[in-house]
Amino acid sequence: MKCPAKFANESARLNALSNYGLDGEQMLQSLDPVVRIASRMFDMPVAAVNMIGSDHVFFAASVGLGAVDMRRDVSFCAHAINQSDVMVVPDATLDDRFHDNPLVIGETNLRFYAGVPLLSPDGLALGALCVIDDRPHNDFSQDDQQRLLELAKMASDRLELRRIEVSSERTRPPFEEYAGNSSSAVIWFDEQLHILEWNAAAAAMVGYDLKDKNALQFDQLLAEHERANFRALIGHAIDVHSLDRLELPAEANGLRKDGGEFRFGFSLFGWRDAGHMKFEVILKDLSAQQYEEEALRQQATIDGLTGLANRGKFYRHVEEILLSPAPATVLMIDLDGFKDVNDTLGHTLGDAILREVANRLLQGVSRQDLVARIGGDEFAILLPHVTDATAAMQLADTILTAIAQPINVDGNEVRVAASCGIAQAPAQAQEALELVGNADLALFKAKSNGRGRVFMFIPALRMEAMARRLYGLELHRAVDKGEFLLFYQPQISMVNGAVTGAEALIRWHHPERGILAPAAFLPALEGGPLAAAVGSWVLDEACAQAAYWRRRGAPEFRIGVNLFGAQFRVGDLATEVMETLARHGLPAEALELEVTENIVLDNDDIVLGILQRLRQQGVGIAFDDFGTGYASLSLLKTYPLSRIKIDKSFVRGILTSKRDASVVRAIIDMARSFDLQIIAEGIETEAEYNYLRSEQCNEAQGYLFGAPMPVSQFESLLGIDDSVTAIA
């Protein structure tokens, strides 16, 4: 544990601290609102104004604190006053200064700390305003630090008021020395209420010039209905020569020079001078304070970019309505592909798009509904008292349609799509976290089904989520134990019916459930930390098998390998691919890497550079599931493709749907114009095969020629002893 350093001018600092008349037995009530706001603003259980003594600390105000070790040597705030800005400790157990501090390892269990030093008018450190949690936080942003600094200014103002109050009870220096330059409004007046002195802050508060004091009485600064009671109070004080034991008002209505009334708080003091009473009042414009506190409350509940409710406010409102109790529906909305838009157009235009989406959400709901920005490009809507699932689905469809309309930003016409998940209470949840969590699961399902979809929560989604988490744990074992294997699905030439290659498809040989298809585990694998490692294994295994088959009688054999998005973000994929080919003696043209549109859109610049390097080396690049995404056409112009794969959803309808047939013909014509090869997936009938061959599609893949199969079965199909195997 590192003890906090002491100042070279420690004696001066302690002397300045004594001017505030604070000690461990006395709290300063005017600081209570500051710590309460801090606690609510940052959603922290503890907030405090901590004053630093010579060998101990004490609190001038606090919320959420129990018994605490008050030694200066263990105090985080004693460290904070040694710097000029915000001191943030995201996780005290990982900080060399505090990892073995009694406040960290003891019952207090302090994990997160953020503190701002509080200074005297002469710049001497008095203590710190801090927020504390027993959980670590890596999300305390620069904006959060700025808000804590603003709250510290409020605390400093109130401490200064305290200093002036204490000073007025001691030997009084001349007014100019005492309060002439103070930011607090200070007025001295006599027994006849004539203003003797006031400072610029006081004069400005009521709209007068400094010189006007000679023509004013203090009660002229009070609203007319306040004056009689105030004069009676002063008369009583004059009679008993003291304000002690008198009931003093804490607030009053003031009157400005222009006749406008305002509410102010004041502290009144009196002393005897040459046999007569003199009085001092310290004013605080409560209208300004109330505005300031309201602004801070707004910052704590409102999203600064869009003006919508923020995450905290949304959760509180969901809790309130469910506790009332009343039914409710929650919609979670996420923009599809917004990262690509943001990266392409820049964050300024991206922010403008988010503001416009927020406006469209507000226009799509009624007054009693609450719209919030949860974070990034994710929004939420609370529909109180709504139980009709059909109505909720219709509203979601209407909102997504509105979002999908063109957005004009600085002359740029932009389109964004969105997906939506819906959950309802009490039918599907009893508590706020459960309800919002269910809507999130429905959103995940909507996005996995494609762009621009709406999905209503069903209990099976929670089972799927539990299965994904379970698979996440089991996948580590599968990698360690070598439980993955590859199946191969043949790809056929439509010119001569020969097997030209195969797509390598991963399977999991689960020790209890047998052979699992990708749909059972790929979502958990792709979203977890093992995707890149498993992708490397697939690449190596597929290339090794292809090299073996080429040496055993299929010299022109080509292997297709699907890539995970994580492989583009870890290491150097292009170098890895070329080293794998070299290791197995496989020429570059024998490998075809398959990428989906989602991979391209999520990592645009990175993916493009890697694929260009690989294509220059002769590796084939195939665009998988072509035609299912909105960006496919534009990507053809940019990406170094060698082949496009027509998605099976179009192949399935070519004989029954004119629209699907037209799409397939258009894809084939477009591919030909780009000098690309074409392979159609999902062919199951001779009729589909003959139709696509008549349209001059190059290659075919589907159950008509064989389902994905293990190595031994594929070798029988391939006919290792023959150089080419024809379709029977």
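Here is a walk through this predicted model, from the overall outline down to one buried strand.

Let's start with the whole chain. Its 728 residues would have a radius of gyration near 27 Å as a compact globule, but the protein chain comes out at 36 Å. The box around the C-alpha atoms tells you about the outline too: roughly 125 × 55 × 45 Å along the principal axes. Inside that box, the chain has 25 helices and 26 strands. Buried residues account for 51% of the 728. The accessible surface is about 34,000 Å², and carbon and sulfur atoms own 49% of that. As for how the chain meets itself, take the contacts between residues at least 6 apart in sequence: 63% of them join residues at least 24 apart.

Now for the interior. In soluble globular proteins, nonpolar side chains tend to be buried together. Here the largest nonpolar core has 85 residues, and the members that touch the most others are I559, L591, L593, I644 and L692. Helix 17 (residues 531-551) supplies the largest share of this core, with 10 residues. There is also a second, separate core of 36 residues, with M41, A60, F140 and A155 among them.

Two of those well-connected residues, L591 and L593, sit in strand 22, so let's zoom in there. Strand 22 covers residues 591-595, and 5 of its 5 residues are buried. Which way do its side chains point? L591, L593 and V595 go one way, while E592 and E594 go the other. That pattern is no surprise, because side chains in a regular strand alternate between the two faces of the sheet. Note that the two glutamates, E592 and E594, are buried as well.

What does L591 touch? Setting aside neighbours within four places in sequence, its contacts are L539, C543, I559, V561, V577, L581, V619 and G620.

Strand 22 also has partners on the backbone level. Strand 21 (residues 558-562) runs parallel to strand 22, and 4 bridges join the two. In this pairing, V561 stands opposite L593. To get from strand 21 to strand 22, the chain passes through helix 18 (residues 573-584), making a right-handed β-α-β crossover. Strand 22 pairs with strand 23 (residues 620-626) too, again in the parallel sense and over 4 bridges. There, E594 has A622 as its bridge partner in strand 23.

So if you want a place to start looking in the viewer, try strand 22: it is buried along its 5 residues, and it pairs with strand 21 and with strand 23.

Conventions: Residues are numbered from 1 along each chain as its sequence is written. This is a predicted model: local features need pLDDT of at least 70, side-chain atom pairs count only at pLDDT 80 or more; totals for chains, interfaces and linings use all residues. Side-chain values use heavy atoms; hydrogens and water are left out. A nonpolar core is a set of buried Ala, Val, Leu, Ile, Met, Phe, Trp, Tyr and Cys residues joined through side-chain atoms within 4.5 Å. Buried means under 20% relative accessible area, exposed over 50%, partly exposed in between (1.4 Å probe, protein chains only). Contact means heavy atoms within 4.5 Å. Two strands pair if DSSP finds at least two bridges between them. A crossover is right-handed if, with the strands pointing away from the viewer, the path from the first strand over the helix to the second runs clockwise. The radius of gyration is taken over C-alpha atoms; the globule rule is 2.2 Å times the number of residues to the power 0.38. Accessible areas come from the Shrake-Rupley method with a 1.4 Å probe; for residues, only the protein chains shown count as cover.
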